[in-house]
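Me: I would like to go through this structure step by step. Could you start with the terms and then take my questions?
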There are 2 protein chains.
Amino acid sequence: MGVVIPLDGAGNKKRASIEPLVKLTQADMERVNESILSHARSHVELIPEIASHLINSGGKRIRPMLTLAAARMVGYEGDHHLKLATAVEFMHTATLLHDDVVDESDLRRGKQAARVIWGNQASVLVGDYLLGQAFRMMVETGSLESLRILSNAACVIAEGEVLQLSVSQDTSTTEDAYMAVIVAKTAALFAAAAEVGAVVAKRPPSEQAALESYGRNLGVAFQLIDDALDYSGSTEKLGKGVGDDFRERKITLPVVLSYRRGTAEERSFWKRTLEDGNQTADDFIYAKKLMERHGALKDTIDRANHYGDIARDALAIFPDSGLKDALLEAVEFCVARAY
Amino acid sequence: MGVVIPLDGAGNKKRASIEPLVKLTQADMERVNESILSHARSHVELIPEIASHLINSGGKRIRPMLTLAAARMVGYEGDHHLKLATAVEFMHTATLLHDDVVDESDLRRGKQAARVIWGNQASVLVGDYLLGQAFRMMVETGSLESLRILSNAACVIAEGEVLQLSVSQDTSTTEDAYMAVIVAKTAALFAAAAEVGAVVAKRPPSEQAALESYGRNLGVAFQLIDDALDYSGSTEKLGKGVGDDFRERKITLPVVLSYRRGTAEERSFWKRTLEDGNQTADDFIYAKKLMERHGALKDTIDRANHYGDIARDALAIFPDSGLKDALLEAVEFCVARAY
């Protein structure tokens with residue numbers, strides 16, 4: 001905790017990596033991957049077809065990894081955490097399918113979105129199927145507390161997405177309103193994924209709360225970095241189209257900050273491009289220039305660091321272990337993606 | 001059981017009615033209605049707005065009514081069945097919201113569909129919210145068995161909808177393939193709704209199975225009658241636009257039968273209108289004429305009667321009671337809608 005890794009390129013410490021976490025959860029993750037594939041099966045052909053398109057499209061599986069790592073870190077030795085991790089990934093995949101329909105996205109993780117290949121109809125319905133399958137798997141663990149946490153997360157995620165619709169294309173959205181959206185739509189699942197790791201291990205409320213806090217703050221940091229990368233990253237690094245948020249007229253923190261700090265003329269630019277949806281070819285370049293001018297990307301990353309710090313401190317109550325170190329480093333990694 | 005009520009208008013017995021069932025579940029249903037309204041609340045305004053649009057649009061609430069009636073008929077005296085009934089209605093409402101998006105329907109229960117007023121995006125997301133809320137309520141009952149049954153139903157319903165996509169616009173669909181669709185997309189929730197009534201009352205497997213069978217067969221009959229009404233009913237009676245299925249190029253049993261029994265020329269008509277989607281103003285009238293010629297509507301109703309008979313026989317193991325009579329009459333009513 002508290003150790004600040006000089007991410008800005010000083011280079012006197014090796015770059016933070018997700019690899020230790022990947023390695024320590026690898027054996028469990030292989031079983032989760034099998035479970036994902038076998039539970040995405042259905043006699044209705046289109047379901048495994050679409051599900052494997054998404055499942056094989058190279059997501060990092062960070063959410064189920066949190067469940068696996070959390071459960072093992074607190075000493076769990078059973079295998080119900082595998083089912084919960086699978087359920088968490090299914091919930092996430094269902095959200096992606098529905099998100100693409102809602103956002104009208106063409107790319108997902110650098111590949112054609114399912115809705116482009118199979119249509120919106122199939123994306124909505126296969127999403128519903130995966131959500132149902134997620135609950136089925138939770139039921140199999142017999143853990144009502146995990147069911148409570150994850151069904152609650154399902155509601156909060158949907159609320160966050162609806163909230164996003166209502167703030168969308170409103171450039172005067174406040175930072176607080178924006179934060180409320182991402183806490184719900186992104187951080188809630190990270191939080192639940194980590195928390196159920198402690199729940200399945202029947203650990204005390206203090207440890208459940210610590211992991212919930214770790215997950216939630218990591219989720220916020222993760223989303224903020226994603227938002228920054230959409231204006232500064234490469235499509236390859238981001239796994240979706242750079243500039244997608246701008247094209248889809250999404251209000252994210254870099255926009256909120258640029259708008260608030262901008263001149264009247266600049267605000268007209270944001271209104272024209274994001275509220276009126278009247279965009280020309282050079283607008284994205286100009287948007288990035290405005291963000292640079294007002295330090296909006298740098299400050300978005302600073303905000304992400306703030307939440308990353310809270311996530312790391314949340315783990316303080318756990319004794320040192322390889323998994324704890326890996327979870328701490330995962331936070332650094334997540335934030336360092338932006339550099 | 002076994003008594004055939006002369007529905008064709010002989011008039012020597014009073015017309016079957018849903019009223020006895022409505023009356024006997026009324027006190028419980030009032031509490032379910034309160035529960036529906038309070039659980040559709042959210043600080044995200046759009047959610048209660050859309051939810052109440054659907055909830056107040058005059059659905060008959062037959063699915064939650066099945067849960068209430070089943071639980072009381074087998075002697076349940078607690079109040080967990082109210083939560084399960086609410087969850088069942090939420091699952092149904094979520095399906096309606098997603099269905100309208102998938103079908104691109106403009107009307108729902110005779111009113112503008114939510115997607116027309118608020119857009120597809122909000123319909124997808126509010127559906128997700130209601131599904132999450134449904135699971136939350138099931139968790140509150142602490143009944144893992146009910147959770148198992150209803151999460152299973154959620155998967156089967158989605159499978160049925162996907163299956164429907166793949167058979168849609170294929171006029172050579174067999175009756176069996178069509179039946180597989182409606183057993184999944186409609187009957188599964190009727191079955192689960194009735195079954196959990198026995199589960200919450202902790203009744204033996206034989207009674208759970210009997211109620212499951214009652215619900216499933218009633219659901220099939222209900223859907224077949226709906227299919228027939230789409231070609232013979234009035235918009236008012238049906239609560240959706242008559243001719244919607246034809247316009248949306250849905251393959252339903254009346255079409256399956258007419259196509260199979262038709263001449264080569266008639267099959268060309270069905271292919272042009274439903275497969276190629278090339279429809280002119282008079283085609284719906286001609287479609288009804290073809291159905292008349294081949295007895296397709298009459299036979300669809302006969303098939304519905306067959307399933308209705310099975311539903312009634314399923315209840316034979318229960319001692320006579322007012323609720324049992326009301327459930328039996330509900331089957332008659334459901335089939336009699338077609339006359």
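Reply: Copies are superposed by least squares on the C-alpha atoms of residues with pLDDT of at least 70 in both. This is a predicted model, in which local features need pLDDT of at least 70, side-chain atom pairs count only at pLDDT 80 or more, and totals for chains, interfaces and linings use all residues. Residues are numbered from 1 along each chain as its sequence is written, and side-chain values use heavy atoms, without hydrogens and water.

Me: What turn lays chain A on chain B?
Reply: A turn of 180° with a shift of 0.0 Å along the axis does so, with an RMSD of 0.0 Å. That is the relation of a two-fold axis.

Me: How many disulfides are there?
Reply: A disulfide is a pair of cysteine sulfur atoms within 2.5 Å, and the count over all chains is zero.

Me: Why is there no bond for B:C155?
Reply: The closest cysteine sulfur, in A:C155, is 17 Å from that of B:C155, which is too far for a bond.

Me: Is B:C155 buried or exposed?
Reply: B:C155 is buried, at a relative accessible area of 0%. Buried means under 20% relative accessible area, exposed over 50%, and partly exposed in between (1.4 Å probe, protein chains only). B:C334 is also buried, at 2%.

Me: New topic: how many residues of α16(B) are buried?
Reply: Twelve of the 15 are buried, so α16(B) is largely enclosed by the rest of the structure. The buried residues include B:L323, B:E329 and B:C334. Helices (H or I, at least four residues) are DSSP runs, numbered from the N terminus.

Me: Which helices do they pack against?
Reply: The buried residues of α16(B) pack against α1, α4, α9 and α15 of chain B, where contact means heavy atoms within 4.5 Å.

How values were computed: Chains are lettered from A and ligands numbered from 1 in the order in which they are written. Helices (H or I, at least four residues) and strands (E, at least two) are DSSP runs, numbered from the N terminus.
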